[in-house]
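Let's take a walk through this model together. Have the picture open and follow along at your own pace.

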Amino acid sequence: MSRRTRAAIAAACAATAVAAVSLPTHAAAASKPTITASGSTSVAPLAFQLARGYLRQHPGRVKFRIAQGGSDVGVADVGAGRVSIGMSSRDPKPSDPTGLVFNKIARDAVCVITNSANPIANLSTAQIQAIFSGTVRDWSQVPGAGLTGTIDIVTRTPASGTQDAFQKIFLGSKTVSSTASAKASNGLVQQAVKSDRNAVGYVSLDFVRDVHAAAYNGVACDLRNAKSGAYGGVRNFWMVTRGPATGPVRTFINWVQNSSRAQAIVGTHWVPLR
Amino acid sequence: MLGALAVVVLLVIALMLTFVAIRAWPAFQHNGLHWFGAQGDVDQQISTMVNTGANPSPADYRFGAWPLIWATILTTGIAVVVGLAFALLSAIFIVEFSPLALRRVLVPVVRLLAAVPSVVYGLVGILVLAPFVGDHLISSDRRTSVEFVIQLSGPGLLVSVVVLTVMITPIMIAIIVEALHAVPRSWKEGAVALGVNRWRAMWTVSVRVARPAILAGAVLACARALGEAIMLSMASGGKGFAPNPADGLTFVFEPLRPLAATIVENVESINAPAIRANVYAMSLVLLLSTLTLSFGAWMAKRSMRRYGVAG
């Protein structure tokens, strides 16, 4: 085997490695306290913006290091003391490590989406439960559907916080049909629904472009209705600490929860607390 | 010095195997050999393990990996067989029949294709192929006929295998081309002097002596296909389902999810002990398969090497 072939193979092998996602924020002097965070991929975009806003208002006060990994990772990391803040887009679970404090920082709407060829006007809780649990399997049985044919259910993988929220808010005691196809991220659900006329899925409000977001119990899924409280499918974003927050972490979380500037950042794409 | 390095490599492999095996042990302890069998809806089992959190009961470990193993065998097997046929024929063309100008373009392009990151192939799969298959190849009657068992929406066996084949074929072409180039010209000339045509000389002399390299290429491609996670996670349909060849044409549209894709989708939750043990168990199966593959190829090559030129 020649050297060139080996180089080609090495390149091919290296290409299969997956890059880890972690965005270091502002570099600062080593003496400053560092706030580390990991967890939910839904909360992370908001956390980046909040960190940037905090440093703009209080330059040089702290350093941030924010990684992602999923809600479960954030909760476990903070429980084990590996990070100072665990980001979670799901509510506390009985199986979480003990002694954690969940600090609510924002709220986020979850929308049920269909293909734009199927702009279904409204879905009631009962209809959503019937569709996702598989009792109704054809769009012809759903009043207001723009087409007929099988219903392709797109759900999220079990680790997802969005999946937790959808289960809790929309499905209650029902479970998603075993025929459903599970995707690993909001973006993949959006893409699957965008490219399949028969599909139905659920995503965070941030991901409804190029698909149709159905109204839920008569209320359109948009930022305004989510903010006003009219829209029912709203979940919480949390910053989790081990025990009550102390020191710079406490100052930061207080700023996020109480400062009007922080809540204005939240209000650009998410639902502020006040 | 070099010897020490080799020992270090062996040690790393041994340590890795031991570590993975220890972490995987609870999965086999609770399931026994049924772990390799089908025990109902595998996605339901994964979901139970993720949600049970820190203190799983023994029943929570229940896991039957067969749909995932079968999906791995199907995607890897079909892609390697189809890809090998393509790779062999294209390599023969490039080395023996292609005009020089074309060869100068083809060889770098093949190398480039071999180095494209798998996530790019995955994007092609979900943005182009899956919608095409869903819109034009799967009829609504076919969807309805199996709606209570599985949903056919586009991503599935066909899309996975097509993209996987495109991914691994260039690696095989590159290796086989090198090997065919290395066949001494005089050997081929000898055959031609005995009166056989170019095509026959190619098959009976060049391809024959290049067998070890062809095998090496196939093994390498196989290893890449076995370990392919991101692309298959995107394009395979995301459902732990075992496609059934007895379903006729529907078989090729059925969704599935191989082991590597399942691992990458569930690493997020490996802080829960039950899912951690099973993720490690799946990794162990993949690790042992690639080791067995390499060892088997090494055994096979020993017998071929007598007249071999490369590999």
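## A walk through chains A and B

Right after α2(B) comes Gly53(B), a residue with a positive phi, near 75°. Keep in mind as you look that this is a predicted model.

Stay with that helix for a moment. Helix α2 of chain B covers residues 42-52, and 8 of its 11 residues are buried, so it is largely enclosed by the rest of the structure. If you want to pick them out, the buried residues of α2(B) are Val42(B), Asp43(B), Gln45(B), Ile46(B), Ser47(B), Met49(B), Val50(B) and Asn51(B). What do they pack against? In chain B, the partners of these buried residues are α3 (66-97), α12 (259-266) and α13 (273-304), and β8 of chain A joins them.

Now zoom out to chain B as a whole. Its secondary structure comes to 13 helices and 0 strands, so reading from the N terminus you just meet α after α. Taken along the principal axes, the C-alpha atoms of chain B fill a box of roughly 75 × 60 × 30 Å. Of its 311 residues, 50% count as buried. Look at the contacts in chain B with a separation of 6 or more, and you'll find that 81% of them come from residues 24 or more positions apart.

How do helices in this chain sit against one another? Two packed helices are described by the angle between their axes and the distance between the axes. Try α3(B) and helix α10 (residues 211-227) of chain B: they pack at an angle of about 145°, with their axes 9 Å apart. The crossing is right-handed. On the α3(B) side, the residues that take part include Thr72(B), Thr76(B), Val80(B), Gly83(B) and Leu84(B), while α10(B) brings, among others, Ile214(B), Gly217(B), Ala221(B) and Cys222(B). Sorted by class, this contact has 11 nonpolar and 5 polar residues, and no charged ones.

A second pair to find is helix α8 (residues 185-193) and helix α9 (residues 198-209) of chain B, whose axes come within 10 Å and cross at roughly 140°. The two helices are therefore oblique to each other, and this crossing is right-handed. Trp187(B), Lys188(B), Ala191(B) and Val192(B) of α8(B) meet Ala201(B), Thr204(B), Val205(B) and Ser206(B) of α9(B). By class, that makes 5 nonpolar, 2 polar and 1 charged residues.

Next, move over to where the chains touch. How many residues does each chain put into the contact? Chain A gives 39 residues and chain B gives 52 residues. On the chain A side, the elements that give two or more residues are α1 (3-16), α3 (71-79), β7 (152-156), β8 (181-183) and α6 (186-195). Of these, α1(A) gives the most, with 7 residues. The chain A side divides into 17 nonpolar, 15 polar and 7 charged residues.

Finally, look inside chain A. Its domain assignment gives domain 1 (22-105 + 236-267) and domain 2 (109-234). The C-alpha centres of these two domains of chain A lie 29 Å apart. Where they touch, domain 1 gives 9 residues and domain 2 gives 7 residues. Which classes turn up on the domain 1 side of that contact? There are 7 polar and 2 charged residues there, and no nonpolar ones.

Terms used. Residues are numbered from 1 along each chain as its sequence is written. Chains are lettered from A and ligands numbered from 1 in the order in which they are written. This is a predicted model: local features need pLDDT of at least 70, side-chain atom pairs count only at pLDDT 80 or more; totals for chains, interfaces and linings use all residues. Two residues are in contact if their C-beta atoms, placed from the backbone, lie within 7 Å. Helices (H or I, at least four residues) and strands (E, at least two) are DSSP runs, numbered from the N terminus. Ala, Val, Leu, Ile, Met, Phe, Trp, Tyr, Cys and Pro count as nonpolar, Asp, Glu, Lys and Arg as charged, and the others, Gly among them, as polar. Domain bounds come from an automatic or database domain assignment. Axes are lines fitted to C-alpha atoms, for helices over the stretch in contact, and angles run from 0 to 180 degrees between N-to-C directions. Angles under 35 degrees count as roughly parallel, over 145 as roughly antiparallel, 65 to 115 as roughly perpendicular and the rest as oblique. A crossing is left-handed if the near helix is turned anticlockwise from the far one by less than a right angle, and right-handed if clockwise. A residue is buried if 20 or more other C-beta atoms lie within 10 Å of its own, exposed if 12 or fewer, and partly exposed in between; C-beta atoms are placed from the backbone.
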